[in-house]
Amino acid sequence: MAETTHESNRRTLTGTVVSDKGDKTIVVSVATLVKHPLFKKYIRRRKKFMAHDPNNDCGIGDTVTIIEHRPMSARKRWHLSKIVEKAV
């Protein structure tokens, strides 16, 4: 049987950590640009996602990448993939 490389089809998002108060949990704010249907002007929309941080590595202000994951609690469906940039 031929060996194939399995490419993950899970979504990844990049955002900023806004809270790290929960144990092994971070809250990541992700901003996206959306074009207004009438005025054709780009608007910045923000949404917050709760993500699993198994080693409590992240702090407030860090830029991180999160990946879709199985549900770990009522609101936590994302997992920390990598820390892009640590806050100063």
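Select aspartate 62 and lysine 86 to begin, because their side chains meet in a salt bridge, with 3.3 Å from N to O. Aspartate 62 sits in the loop between β3 and β4 and lysine 86 in the segment after β5, so this pair ties together parts of the chain that are 24 residues apart in sequence. The two partners differ in their surroundings: aspartate 62 is buried, with a relative accessible area of 2%, whereas lysine 86 counts as partly exposed at 47%. Keep in mind throughout the tour that this is a predicted model.

Stay in this region and add alanine 87, which is also found in the segment after β5. With neighbours within four places in sequence left aside, alanine 87 is in contact with Ile60, Gly61 and Asp62, and its relative accessibility of 36% makes it partly exposed. If you now draw a distance from the C-alpha atom of alanine 87 to that of lysine 35, the viewer should show a separation of 30 Å between two residues that are 52 apart along the chain.

Next, select arginine 11 and glutamate 68, whose side chains form a salt bridge at 3.7 Å from N to O. Arginine 11 belongs to the segment before β1 and glutamate 68 to strand β4, so here the pair ties together parts that lie 57 residues apart in sequence. Arginine 11 is partly exposed, with a relative accessible area of 46%, and glutamate 68 is partly exposed too, with a value of 29%. The count of salt bridges in the model comes to two.

Switch to a cartoon view and colour the strands. What order do the strands follow in the closed barrel? The five strands run β1-β2-β3-β5-β4, with mixed pairing, and the twist from one strand to the next averages 50 degrees. Select β2 and β3 together to see a pairing in the antiparallel sense that extends over 11 bridges; to look at one position in detail, pick leucine 33, whose bridge partner in β3 is arginine 44.

Now show side chains for the largest nonpolar core, which has 12 residues in all: Leu13, Val17, Ile26, Val28, Val30, Phe49, Ala51, Cys58, Val64, Ile66, Trp78 and Leu80. Each of the strands β1 (12–19), β2 (25–35), β3 (42–52), β4 (63–68) and β5 (76–85) supplies at least two residues of this core, and β2 gives the most, with three. As a general background to this view, nonpolar side chains tend to be buried together in soluble globular proteins.

Within the core, centre on isoleucine 26 and display what surrounds this residue. Leaving aside neighbours within four places in sequence, isoleucine 26 is in contact with Val17, Ser19, Asp20, Phe49, Met50, Ala51, Asp53, Cys58 and Leu80.

From that list, move to phenylalanine 49 and add tryptophan 78, which together make the final stop. How many aromatic pairs does the model contain? The count comes to one, and in this pair the ring centres of phenylalanine 49 and tryptophan 78 are 5.2 Å apart with their planes at 65 degrees, so the arrangement is edge-to-face. The pair links distant parts of the chain, since phenylalanine 49 lies in strand β3 and tryptophan 78 in strand β5, 29 residues apart. Phenylalanine 49 is buried, with a relative accessible area of 14%, and tryptophan 78, at 5% relative accessibility, also counts as buried.

Note on methods
Residues numbered from 1 in each chain as written. Predicted model: local features only at pLDDT ≥ 70, side-chain atom pairs only at ≥ 80, totals over all residues. Heavy atoms only, no water. Core = buried A, V, L, I, M, F, W, Y, C linked by side-chain atoms within 4.5 Å. Buried < 20%, exposed > 50% of the residue type's maximum accessible area, 1.4 Å probe, protein only. Helix = DSSP H or I, 4+ residues; strand = E, 2+ residues; numbered from the N terminus. Contact = heavy atoms within 4.5 Å. Salt bridge = Lys/Arg side-chain N within 4 Å of Asp/Glu carboxyl O. Phe/Tyr/Trp six-rings, centres within 6.5 Å; stacked < 30°, edge-to-face > 60°. Pairing = 2+ DSSP bridges. Axes fitted to C-alpha atoms, helices over the stretch in contact; angles between N-to-C directions.
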